[in-house]
Amino acid sequence: MPLPLPPVPGRGTTAATLLLNATYEPLCVVSSRRAIVLVLADKAVSVDCAAEVVHAETVSLPVPVVVRLTRYVRVPYPAQVPLSRRAVFTRDGQTCVYCGSSATSIDHVVPRSRGGTHTWDNVVAACRRCNHTKADRSLAELGWKLPHPPRAPTGAAWRLLGHRTVDPRWGEWLGITDSVSA
């Protein structure tokens, strides 16, 4: 006899919710399900809600989009955004820094074979053609120039979200005016 399947969570309970500290400082992104638990346990209050409503036996609650903790939590933040392939593509707008076409790989400006490091200020997004053409040569040898020097991304949105897309309803709390990718 097959076992009964567990209930499938609603679409609204698997979305993301921005978690603010008691001082309205952005802390992190949690699942909407976790945010609902925090609100029901009186550990957080809902600041902004979605149109969806979660129903339980005795309570109905709008799905929170932004919640604020009721008590202040001191959280040490990492000094820098973690370097990842996906984050490099997001920082460079999914385009090749050399020719402007669609990026498919990452390239080390100073090749690793020549002592280059795998850090934010030495890694850029590149298309396959430019990456293959450049190979292990320097930009000076090819006569190429970067439109702007690569650097580590900064700001609350990058610190909290990394490469994820920012929900437009979070803009006010993250200091962002319109919907952008972090």
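## Helix α1 across the strands

In this predicted model, helix α1 (residues 32–40) lies across β1, β2, β3 and β4 (60–69), with contact meaning heavy atoms within 4.5 Å. Helix α1 runs at about 85° to β4; axes here are lines fitted to C-alpha atoms, for helices over the stretch in contact, and angles run from 0 to 180 degrees between N-to-C directions. Helices (H or I, at least four residues) and strands (E, at least two) are DSSP runs, numbered from the N terminus.

A few ground rules: residues are numbered from 1 along each chain as its sequence is written, and side-chain values use heavy atoms, with hydrogens and water left out. Local features need pLDDT of at least 70, side-chain atom pairs count only at pLDDT 80 or more, and totals for chains, interfaces and linings use all residues.

## The sheet

The 4 strands make an open, mixed sheet in the order β2-β1-β4-β3. Strands pair if DSSP finds at least two bridges between them. At the edges sit β2 (26–31) and β3 (44–55), each pairing on one side only. On average, neighbouring strands are turned by 35° against each other, direction ignored.

Strand β1 (residues 16–20) runs antiparallel to β2, joined by 5 bridges. One of the bridge pairs puts L20 opposite P26 in β2.

## The cysteines

What about disulfides? A search of the whole structure finds 0, taking a disulfide as a pair of cysteine sulfur atoms within 2.5 Å. C127 misses out because its closest cysteine sulfur, in C130, is 3.5 Å away, too far for a bond. Both cysteines are buried (under 20% relative accessible area, 1.4 Å probe, protein chains only; exposed is over 50%, partly exposed in between): C127 has 6% relative accessibility, and C130 has 6%.
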